[in-house]
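Visitor: I'm new to reading protein models. Could you walk me through this one and explain the words as we go?

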Amino acid sequence: AAERLLAAFDATIARHDRIEPRDWMPDAYRKTLVRQIAQHAHSEIIGMQPEGEWIGRAPSLRRKAILLAKVQDEAGHGLYLYSACETLGVSRTELTELLLAGRQKYSSIFNYPTPSYADVGTIGWLVDGAAICNQVPLCRTSYGPYGRAMIRICKEESFHQRQGYELLMTMMRGTDAQRAMVQESVDRFWWPALMMFGPPDAESTNSERSMAWGVKRNSNDELRQKFVDMSVPQAKALGVTLPDPELRWNDERGHHDFGSPDWDEFAAVVRGDGPCNAQRISHRRTAHEDGAWVREAATAFADRSAKAGAR
Ligand code: ACO
């Protein structure tokens with residue numbers, strides 16, 4: 001019977017069809033999905049912090065409304081993803097505890113500070129741009145609830161990317177000081193954005209397995225290249241320089257060549273030693289503790305409603 005189940009699973013994957021929560025799946029497939037989807041969900045929630053810091057300091061009501069909507073979208077993305085993960089038999093409470101205990105990761109990018117308002121635009125352009133590059137193929141991932149969550153997330157991410165680009169474009173049409181702020185911000189975020197795609201393929205421990213299962217559709221290096229190729233003309237239109245002296249078009253390859261990110265820095269950030277790791281987790285822990293009464297009230301209300309319904 002076990003062989004028949006595995007054969008049915010393999011056949012679904014080979015057809016590029018979807019695995020659904022009630023279908024049988026190998027334990028390792030379930031584990032890989034929980035790892036990736038939880039890490040993705042945590043990234044959305046922790047990712048609210050760097051930009052959230054600017055909500056109270058946005059330069060106009062219009063900019064504040066846009067930023068507020070964007071940060072709320074990130075919370076929504078986290079919730080769709082936690083829900084997708086719950087279909088695999090783990091609860092959001094468990095996942096949150098694993099994050100706070102440092103046993104599950106979140107994206108390296110959110111451990112960098114946002115000292116300048118231009119960072120709001122750069123995060124939209126480069127960070128959300130990289131997220132789209134990575135996430136559009138995930139709409140075709142083999143696990144149904146994850147792929148369906150990604151469709152809506154990608155639509156919202158496109159809006160985020162455009163609002164960032166529009167903000168930077170506006171600043172680039174402003175004063176010299178504003179243009180300098182944009183360039184300084186791009187200089188800080190370019191390399192960390194390239195690191196979002198994960199380690200080089202040769203060091204990516206999960207890629208081969210995840211690609212064979214259709215969890216990932218492209219390798220880390222393929223997506224990084226796609227992002228560089230996409231960003232170069234956008235940087236040109238914006239009038240900023242990307243801080244990589246090795247960046248140039250390679251006619252033979254039909255792609256841009258580019259320098260290598262500092263992988264030691266990446267390893268340190270993933271290990272917990274980035275500029276803002278401690279601050280991000282501490283803030284998340286405080287928010288979780290401060291929210292305890294809301295969860296208790298909601299649970300009590302749900303219990304009471306269920307009892308009233310049963311009567
Ligand atoms: N930040 C933190 N950890 C990372 C990062 C990163 N940018 N990239 C890779 N890692 C971790 C992996 O989680 C893995 O550790 P683990 O085995 O303990 O989980 C290790 O480094 C080795 O990497 P890979 O084997 O390449 O891992 P994987 O196959 O999972 O690929 C990737 C990494 C590309 C990030 C993949 O998990 C993915 O596509 N995830 C979904 C997208 C996502 O999480 N986006 C979040 C940021 S975008 C946003 O929220 C706006």
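Guide: Gladly! We will need one term: a helix here is a DSSP run of H or I with at least four residues, numbered from the N terminus. Keep in mind that this is a predicted model.

Visitor: What makes α3 (48–52) count as a helix in the lining of the second largest pocket?

Guide: A helix needs at least four residues, and α3 runs over 48–52, so α3 meets that cut-off. Along with α4 (61–86), α5 (92–100) and α12 (277–290), α3 supplies at least two residues of that lining.

Visitor: How much space lies in that pocket, and which residues are closest to its centre?

Guide: The second largest pocket holds about 540 Å³ of space. Its lining has 17 residues, and I45, R92, R284, H288 and R295 are the closest to the centre.

Visitor: Why are R92, R284 and R295 called charged?

Guide: Arg belongs to the charged class, together with Asp, Glu and Lys, so these three lining residues are charged. By class, the lining has 6 nonpolar, 6 polar and 5 charged residues.

Visitor: Now the ligand. How do you know that K216 makes a polar contact with the ligand?

Guide: The cut-off for a pair of N or O atoms is 3.5 Å. A polar side-chain atom of K216 lies 2.7 Å from a ligand oxygen, so the pair qualifies. N220 does too, because its polar side-chain atom is 2.8 Å from an oxygen atom of the ligand. The protein covers 90% of the 960 Å² of accessible area that the ligand has on its own.

Visitor: Which helix gives the most to the shell around the ligand?

Guide: That is α2, with 6 residues.

Methods. Residues numbered from 1 in each chain as written. Predicted model: local features only at pLDDT ≥ 70, side-chain atom pairs only at ≥ 80, totals over all residues. Heavy atoms only, no water. Polar contact = N/O pair within 3.5 Å; in protein donor to acceptor, adjacent residues only side chain to side chain. Areas by Shrake-Rupley, 256 points an atom, 1.4 Å probe, with all protein chains shown as cover. 1 Å grid on protein atoms, 1.4 Å probe; cavity = no way out; pocket = protein on both sides within 12 Å on 5 of 7 lines; lining within 4 Å. Points joined across faces, edges and corners; volume = space filled by probe spheres on them.
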